[in-house]
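Me: I have a model to go through with you. Please back each label with its value and its cut-off.

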Amino acid sequence: MDLNFTDSENAFRQECRAWLEANVPSEPLPSGDTKEGFALHLEWEHKLFDAGWAAVSWPKQYGGREATLFEWLIFEEEYYRVGAPSRVTQNGIFLLAPTLFEFGTDDQKERILRPMARGDVAWGQAWSEPNAGSDLASLKSTARRVEGGWRLTGQKTWSTRAVFCDMAYGLFRTDPEQARHRGLTYFMFPLHAEGVTVRGVDRLDGDEGFAEIFLEDVFVPDSEIIGEVDKGWGVAMATTSSERGLSLRSPGRFMATATRLIDLYHRYRDRSDPVLRDQVIQAWMDAQVYRWFTFQTVTRMAQGESIGPDSSMNKVFWSEMDVRTHETALAMIGDALELDEGSDGAVDGGHWMKGFQFALAGPIYAGTNEIQRNIIAERVLGLPRK
Amino acid sequence: MRFAFTDDQKMLRDTVREVLQRECAPEVVRAAWEGRPEGVRAVWDTLAETGVIGMTASEDAGGMAMSELDLILPLEEIGYAALPGPIVDTVAVGIPLLEAAGTDAQKERWLGPAVAGEARIVVVFEDQALVPYAASADVLLVQRGGTAYCVPVAEASISPEQSVDRARELGRIAFEASAQYQMRDDVDTASLFALGRERAALGTAAQLIGVSRRMLDMAVQYAKDREQFGKPIGAQQAIKHRLANALIEQEFARPTVYRAGWSMATSVRDAEIDVSLAKIYAGQAAKFVAKEALQVHGAIGYTIECDLHMWMKRAWALAAAHGDAAYHRERVGRHIL
């Protein structure tokens with residue numbers, strides 16, 4: 001065990017820090033879940049990519065730095081420490097890209113990865129359907145074989161930022177004779193093509209961060225399938241652990257939130273009682289614990305182990321920690337908590353209420369925490385399915 | 001950065017695990033509960049033969065000069081088996097303390113036997129009233145009024161107290177604080193006892209991880225075996241979610257203990273903050289797992305006949321020993337706020 005960073009890891013941190021401090025916008029960008037905010041966030045992504053920071057762990061040929069997983073965690077710590085903009089490219093670089101690296105053809109990787117990481121092509125996910133949420137395998141959208149490709153028909157929903165995106169990916173039923181997770185295929189499809197309608201849905205926090213996607217005989221060529229026809233479930237599941245696990249929510253984000261919470265406590269300590277004080281301490285400790293847990297996980301990955309269902313523990317922990325931390329912050333602010341973003345008297349620009357509402361989504365997206373607990377019980381503890 | 005134990009550390013864990021599987025079945029712990037400690041004494045002897053009891057002593061003293069980090073996995077196994085006895089006192093705290101602060105005569109008399117497993121050390125910190133395992137120990141290292149003493153148990157008086165964990169042989173100690181028992185006055189015994197406190201808290205946290213793991217194993221097994229409504233109760237989501245929560249608590253506590261072991265072994269600045277995190281999370285996880293394991297067991301878990309209770313009571317006692325959550329949280333609070 002050696003919990004010191006190596007010299008080269010420390011040098012990497014210095015390099016990240018220097019670049020970020022010199023380049024991160026001094027004023028926070030408007031929310032990336034609004035039209036104008038999204039465009040500004042994409043500009044930021046261009047800048048990140050051009051300097052080689054958009055996807056540090058990727059191979060150099062796709063614009064990465066071939067950073068180790070530990071270096072990636074360091075990058076994330078530095079990124080959130082300086083309060084850099086949220087990553088509107090994350091559905092591409094953290095969710096689709098791992099799938100492409102594992103299952104994609106050379107042509108797909110060549111074609112898709114760089115524009116994705118630069119934010120030239122924005123990607124949204126299209127997993128859920130109106131009647132297929134937690135029970136994703138019951139999805140009904142279909143892909144019908146036609147000359148030279150496929151025709152997609154159906155409805156997808158809760159697609160993050162799809163109203164601003166260019167492309168999306170999801171599962172479609174290619175073999176109607178087969179049930180549930182068999183006979184599904186993993187497709188990438190354009191959002192501006194004929195037959196596609198994207199309708200924005202306002203989220204709890206008021207931003208148009210969700211979308212419904214309606215598809216009617218939308219043509220996609222064979223080259224837009226990832227993996228084999230009818231084998232899409234395995235392709236999708238192989239990389240869900242990256243979503244639930246650390247790539248979606250690295251410790252740096254929560255350490256930064258805990259640091260801001262301590263700062264808030266110093267400003268509002270007159271209003272705090274010992275219970276709130278304990279909750280602040282707990283929030284800081286939870287972020288530390290998540291960091292050490294992640295270093296342990298990444299060590300296992302670096303040794304070639306696959307993490308698999310253990311990633312569900314990660315997801316439950318960070319999502320519920322994030323809610324608690326924001327609840328603590330709101331309890332300190334008192335009745336000013338209801339002041340929305342843009343109100344003059346809002347504490348820290350209304351950031352804590354906004355963050356709280358965003359945190360509340362954590363136990364729901366990327367597989368609800370109830371589903372995660374089922375996975376933990378069945379696949380880690382070995383309890384019977386039925 | 002590498003957050004993993006070495007092959008040697010895992011081998012030592014496996015050795016301890018095998019000894020305990022062979023010699024420390026729940027019946028052995030139960031016998032200690034009922035006043036028949038011969039079985040657990042025999043386990044101590046076997047552990048001494050493997051070198052575990054003397055592992056923290058210097059090589060000159062017949063040990064392996066092993067660190068706090070090396071101790072973590074063996075202590076986790078000891079918690080898993082609920083082996084009673086002053087193992088943290090003797091191995092993690094007592095032997096290094098005696099080597100550093102004992103007079104030549106004290107070391108001559110106690111160090112060799114302690115390393116060989118023939119003498120058991122119990123450490124009593126300045127403000128500590130309740131002392132487990134004193135009655136069956138051989139020597140006490142006591143901090144009283146700022147002075148350090150090395151007192152043979154035969155020359156101290158011990159008034160027994162009843163612990164809910166009967167195997168813990170709880171008592172209060174009294175002795176004549178005379179010069180003949182004093183430890184070296186040319187070393188900073190206050191600092192050495194302070195270091196001992198950190199080691200005691202860390203060692204207790206490591207045991208707690210093992211205690212949690214055992215209770216969870218019992219509960220998972222029970223949930224697989226016990227059938228109601230024509231199927232195992234573990235097929236019910238309500239049971240699954242309890243056990244999943246228990247696993248999450250336990251698995252997030254684990255790296256805090258490993259981290260604290262490393263911090264102490266490498267003497268990093270603020271290592272005591274890491275020890276506090278370890279003690280808080282390991283204690284909270286063990287108490288949480290205890291509650292969930294009991295609920296999953298149902299009525300049978302609420303009996304003395306079921307082994308679970310011995311681990312539950314160990315969890316409660318250890319979670320409060322060497323600084324409870326409130327104590328350690330306050331220490332963290334002073335550091336960060």
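Me: Which residues does Met215(B) touch, leaving out those up to four places away in sequence?
Reply: This is a predicted model. Met215(B) touches Val289(B), Ala290(B), Ala293(B), Leu308(B), Trp311(B) and Met312(B). A contact here needs C-beta atoms within 7 Å.

Me: What makes Met215(B) stand out in the largest nonpolar core?
Reply: Met215(B) is among the residues with the most contacts inside that core, along with Leu140(B) and Leu243(B). The core has 224 residues. Its largest share, 18 residues, comes from helix H7 of chain B, residues 189-225.

Me: Why is H10(A) called roughly perpendicular to H8(B)?
Reply: Helix H10 of chain A (residues 311-333) and helix H8 of chain B (residues 237-265) pack at about 90°. The label covers 65 to 115 degrees. Therefore H10(A) counts as roughly perpendicular to H8(B). Their axes are 10 Å apart.

Me: Which residues make that contact?
Reply: From H10(A) come Met313(A), Val316(A) and Phe317(A). H8(B) supplies Leu247(B), Ile248(B), Glu251(B) and Phe252(B). By class, the contact has 6 nonpolar, no polar and 1 charged residues. Glu counts as charged.

Me: How do you know that the radius of gyration of chain B agrees with a compact globule?
Reply: A compact globule of 337 residues would have a radius of gyration near 20 Å. Chain B has 20 Å, so the two agree. Its C-alpha atoms fill a box of roughly 70 × 45 × 35 Å along the principal axes.

Me: How much of chain B counts as buried?
Reply: 56% of its 337 residues. The cut-off is 20 or more other C-beta atoms within 10 Å.

Definitions and conventions:
Residues are numbered from 1 along each chain as its sequence is written. Chains are lettered from A and ligands numbered from 1 in the order in which they are written. This is a predicted model: local features need pLDDT of at least 70, side-chain atom pairs count only at pLDDT 80 or more; totals for chains, interfaces and linings use all residues. Axes are lines fitted to C-alpha atoms, for helices over the stretch in contact, and angles run from 0 to 180 degrees between N-to-C directions. Helices (H or I, at least four residues) and strands (E, at least two) are DSSP runs, numbered from the N terminus. Angles under 35 degrees count as roughly parallel, over 145 as roughly antiparallel, 65 to 115 as roughly perpendicular and the rest as oblique. Two residues are in contact if their C-beta atoms, placed from the backbone, lie within 7 Å. A nonpolar core is a set of buried Ala, Val, Leu, Ile, Met, Phe, Trp, Tyr and Cys residues joined through C-beta atoms within 7 Å. A residue is buried if 20 or more other C-beta atoms lie within 10 Å of its own, exposed if 12 or fewer, and partly exposed in between; C-beta atoms are placed from the backbone. The radius of gyration is taken over C-alpha atoms; the globule rule is 2.2 Å times the number of residues to the power 0.38.
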